Amino acid sequence: MAKKVKDPGLGYSSSSNAQRIINADGSSNVVHANRRFGADDLYTFFIELPWWQFFTLILIGYSLLNVLFAFVYVFIGIEQITPSKGNFLDDLLNGFFFSAQTLTTVGYGGIAPKGIAANVIAAFEAMIGLLSFSFITGLLYGRFSKAKASIRFSENLILRDFKEGRALMFRLMNRRKTVMIEPEITVTLSLSEKKLNGEYKRQFYELKLERNKIMYLPTVWTVVHEIDEKSPLYKYSNKEISELDGVLYVLTQYHEESFGQKVYQITSYNFSSLEIDVKYTSSFYFDEVGNTVLDHSKLSEISKMN
């Protein structure tokens, strides 16, 4: 008899078109409504941004700040930093370039503040520049030093004959060249079932794995759940399993030697990605001198069962 487990934090409520809560890349699929964004959230916001968005925001912020101060210098009189060209656009450009030099504390010397107002504004801008670049430097350090797992999971979930019965399988490998020390994995099955009153409710089962922990992983790990009498999937045929409204939630943890600490990564599998009566092909081989060659492109490669 399959043993149900308590809600692991995903909630029992469901619906006929409910999406999985954790995406395949580990990100949350929860939409937050009426959530207040505070100053304390800024650090997390910038740390979690994709790199291209992070540098795009920096570029936009830097440009807008220089444009703002360029208008200020034109407003107080561009003559306080350099002779006017008699053209608003040229004066604005001179104000922009002087602002960039002041903000970055470069100071080429070609343009310099002469009036009291210009000196006060330049001094204030220099302070903003120092604080801004200190903030950006801290964010860059935080992004690079943040301990993060780099596991790649197979795109497919397979169901095949295994030993005297059947088994559900997926594979994983480390994207980095480092060895995963003491990797451990937990797999929770979520089944959404329709009740007699028409409401949908999730049931959770922690799947028993052939091995849920190994000493170290230099190549590929095929995670296996044998569908025996104790499995929640035992009563279903292969076709029925493929039609279940089910999701596998996977939590992996291991010691990352690059950071010297334990890291975590999560993913999920919809049963819509299930492939039946296939097997994974080998993703590593030995070269002429006997070295093990791991082919990352073959992680999800399958072939038909004989």
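Which residue just after H3 takes a positive phi? Threonine 105 does so, with a phi of about 60°.

This is a predicted model, in which local features need pLDDT of at least 70, side-chain atom pairs count only at pLDDT 80 or more, and totals for chains, interfaces and linings use all residues. Residues are numbered from 1 along each chain as its sequence is written, and side-chain values use heavy atoms, with hydrogens and water left out.

Helices (H or I, at least four residues) and strands (E, at least two) are DSSP runs numbered from the N terminus. Helix H3 spans 22 Å from its first C-alpha to its last, close to the 22 Å expected at 1.5 Å a residue, the expected span being 1.5 Å times one less than the number of residues. At the N-terminal end of H3, asparagine 87 acts as a cap, with a side-chain oxygen 2.9 Å from the backbone nitrogen of leucine 89. Among the buried residues of H3 (buried: under 20% relative accessible area, 1.4 Å probe, protein chains only) are Leu92, Phe98 and Leu103.

The helices involved in this packing (contact: heavy atoms within 4.5 Å) are tabulated below.

| Helix | Residues | Role |
|---|---|---|
| H3 | 88–103 | 16 residues |
| H2 | 51–76 | packs against buried residues of H3 |
| H4 | 116–145 | packs against buried residues of H3 |

Elsewhere, the largest nonpolar core (buried Ala, Val, Leu, Ile, Met, Phe, Trp, Tyr and Cys residues joined through side-chain atoms within 4.5 Å) has 39 residues, with Phe170 and Leu172 among those with the most contacts inside it. Strands E5 (165–174) and E10 (246–256) are among those that each supply at least two residues of this core. Glutamate 256, in strand E10, is buried at a relative accessible area of 0%, and is in contact with Arg176, Thr178, Gln261 and Val263, leaving aside neighbours within four places in sequence.

Conventions: Buried means under 20% relative accessible area, exposed over 50%, partly exposed in between (1.4 Å probe, protein chains only). A polar contact is a pair of N or O atoms within 3.5 Å; within protein, one must be able to donate a hydrogen and the other to accept it, and residues adjacent in sequence count only if both atoms are side-chain atoms.
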